[in-house]
Amino acid sequence: MASVATRTRLEFIGGLAFFLTVLSALLWGLWLLVMWMTAANQMPVNSLLIQGEHRYLSRDQVRESVLELPEVGNFFALEVDRVQQQLLSLPWVYQASVRKQWPDTLRVYIVEQPVAALWNQDAMVNAHGEIFEADHGELELVSLSGPDEDAARVLEEYRALQRFLQPRGYNLARVHLTPRRSWELTLSNGLRLLLGRDDIEARLQRFIDVYPGIAERERVAYLDLRYDTGLAVGWKQDEETDNDQERGTKSDRRA
């Protein structure tokens, strides 16, 4: 009996020792694996896949922005939220999503700002009425202006006015909302329309009815429609008359 008990005890101790040895080896291997995976520069991001349609944002700009992050040298330590915030700081980026792809690839999908118009000359407004700043270069856009807090309202009004005017043969070049909330329009031919704050569509209809009948329309600088009935016409200065007056003044001085 003693021999059987001793043998059983030895088998148990041997089995326990084997189990502990295997467990220790596994833990050691796991620790080495973790250390290897998290070691700085052990697994850098070697590939950047950029997706999405881009008209104004170059791939080089995206790549340079990502490479500015010090964490890009460690694929496992790099946080996708950090990359996303970095990309959203680029002027032309409206939305960005980032995903890691094993073993060393970063996949980004970028949506550009859906630019709708210039805003106060030095900025732009997107299709959602949000102001953003970016290099607009030679973009041919309608010019909107007004208080910044009214950007969405001005954009909405521009769309409504354009829908009203375009079928009648007129196009807008500029829409301005004054600090007193009065509307001023500039057509593509340079003609300014002062509309005031109320009854905008009715006043535009008055313009459409009256303007074709004005003699020498090419000399009209602006139409003031801020009246219950009728309108006032502002004429362009006669450059030839101004030049004649200037020449006469110079002659008088010489005399």
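**Two helices and the faces they share**

Let's start on the outside: on helix H2, the face pointing away from the buried side carries Glu64 and Leu67, both exposed. Keep in mind that this is a predicted model.

Now turn H2 around. Its buried residues are Val62, Ser65 and Val66. Looking down the axis of H2, these buried residues sit within an arc of 95 degrees, so they line one face of the helix. As for what lies over them, the cover includes strand S1 (47-51), helix H3 and strand S3 (105-112).

H3 can be read in much this way. Here Val83, Gln86 and Leu87 are the buried residues. Viewed down the axis of H3, they fall within an arc of 95 degrees, so they too line one face of their helix. That buried set packs against H2, strand S2 (93-101) and S3. On the face of H3 turned away from its buried side, you'll find Asp81 and Gln85 exposed.

So how do the two helices meet? A pair of packed helices is described by the angle between the axes and the distance between them. For H2 (residues 59-67) and H3 (residues 80-88), the axes come within 9 Å and cross at roughly 130 degrees. That angle makes H2 oblique to H3, because it falls outside the ranges for roughly parallel, antiparallel or perpendicular. The crossing of H2 past H3 is right-handed. Making the contact are Val62, Ser65 and Val66 from H2, along with Val83, Gln86 and Leu87 from H3. Sorted by class, the contact of H2 with H3 has four nonpolar residues, two polar ones and no charged ones.

Note on methods:
Residues numbered from 1 in each chain as written. Predicted model: local features only at pLDDT ≥ 70, side-chain atom pairs only at ≥ 80, totals over all residues. Heavy atoms only, no water. Axes fitted to C-alpha atoms, helices over the stretch in contact; angles between N-to-C directions. Helix = DSSP H or I, 4+ residues; strand = E, 2+ residues; numbered from the N terminus. Parallel < 35°, antiparallel > 145°, perpendicular 65-115°, else oblique. Left-handed = near helix turned anticlockwise from the far one by under 90°. Contact = heavy atoms within 4.5 Å. Nonpolar A, V, L, I, M, F, W, Y, C, P; charged D, E, K, R; others polar. Buried < 20%, exposed > 50% of the residue type's maximum accessible area, 1.4 Å probe, protein only. Arc of directions from axis to C-beta.
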